[in-house]
Amino acid sequence: MKLHKKGLMIVISGPSGAGKGTILKSLFQRKGHNFSYSVSMTSRPPRSYERNQKDYFFVTKEQFKKKIKENYFLEYKKFVHNYYGTPYKKLLEKLKKGKEVILELDIQGALEIRKHELNKNSVLIFITPPSKQHLYKRLIKRNTEIEEVLKKRLKKADEEFKLAYKYDYIVVNDEVENAVDKIISIIVAEHSKTKNSISYYLEKILKEKR
């Protein structure tokens, strides 16, 4: 018997270089799960390879500011002169359909979820590398940043590690598939918690005929 009707909001965070993108790519390739990615909205221009409504909902700054006044976002922030936010209603619709909605947020955005009414339907997962040396090697492997920027990212990572205790779970990304297995196990366990399943369980079991 299925023990839940509503989906879960799975918030994924972690320092740059922890492997969040690789983990999520593998997660969505797993069959038999009702995963859905929460597409963010941004005021920055799209890059050449990005598609509207798939990578982001691209809008102007004026449109974004109007959305803020309309309480359109679950959370939002301004970064390097542009806005980024998570559309609330679209996410809520997916949850009502029983989808497992995946959000990749920075720590600031993730902790904003704690203040929202949807926190009761959320699980926050912090992705961490096995060591700082692993993190440094992954950032070097990207070959996209100069040494000074790498040092800043590592310094920021130290601050992020200190906030990991505010998350529900910590997943060490030693091997991608192992990390994905752990995340799926967390989702299954969360749905099996009494607080998340008792109402739907009783509704189903009491309607059954002998």
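In this predicted model, Gly19 makes contact with Arg138 and Asn173, leaving aside residues up to four places away in sequence. The backbone setting of Gly19 is a loop that links strand 1 (9–13) to helix 1 (20–29). Gly19 counts as buried because its relative accessibility is 18%, and the cut-off for that class is under 20%. A little further along the chain, Gly21 belongs to helix 1. Here the relative accessible area is 46%, so Gly21 is classed as partly exposed.

Both glycines also carry an annotation. The unreviewed UniProt entry assigns a "binding site" to Gly14, Pro15, Ser16, Gly17, Ala18, Gly19, Lys20 and Gly21. In the model, the lining of the largest pocket includes Gly14, Pro15, Ser16, Gly17, Ala18, Gly19, Lys20 and Gly21. The buried Gly19 and the partly exposed Gly21 are thus among the residues that line this pocket.

Turning to another part of the fold, strand 5 (residues 73–79) and strand 6 (residues 82–87) run antiparallel and are joined by 6 bridges. Within this pairing, Glu75 has Thr86 of strand 6 as its bridge partner. The two strands form a hairpin with 2 residues between them, and in this hairpin Val80 adopts a positive phi near 50 degrees. As a general point for reading such a pair, side chains in a regular strand alternate between the two faces of the sheet.

Conventions:
Residues numbered from 1 in each chain as written. Predicted model: local features only at pLDDT ≥ 70, side-chain atom pairs only at ≥ 80, totals over all residues. Heavy atoms only, no water. UniProt positions renumbered as here; feature names shortened; annotations may be inferred. 1 Å grid on protein atoms, 1.4 Å probe; cavity = no way out; pocket = protein on both sides within 12 Å on 5 of 7 lines; lining within 4 Å. Helix = DSSP H or I, 4+ residues; strand = E, 2+ residues; numbered from the N terminus. Buried < 20%, exposed > 50% of the residue type's maximum accessible area, 1.4 Å probe, protein only. Contact = heavy atoms within 4.5 Å. Pairing = 2+ DSSP bridges.
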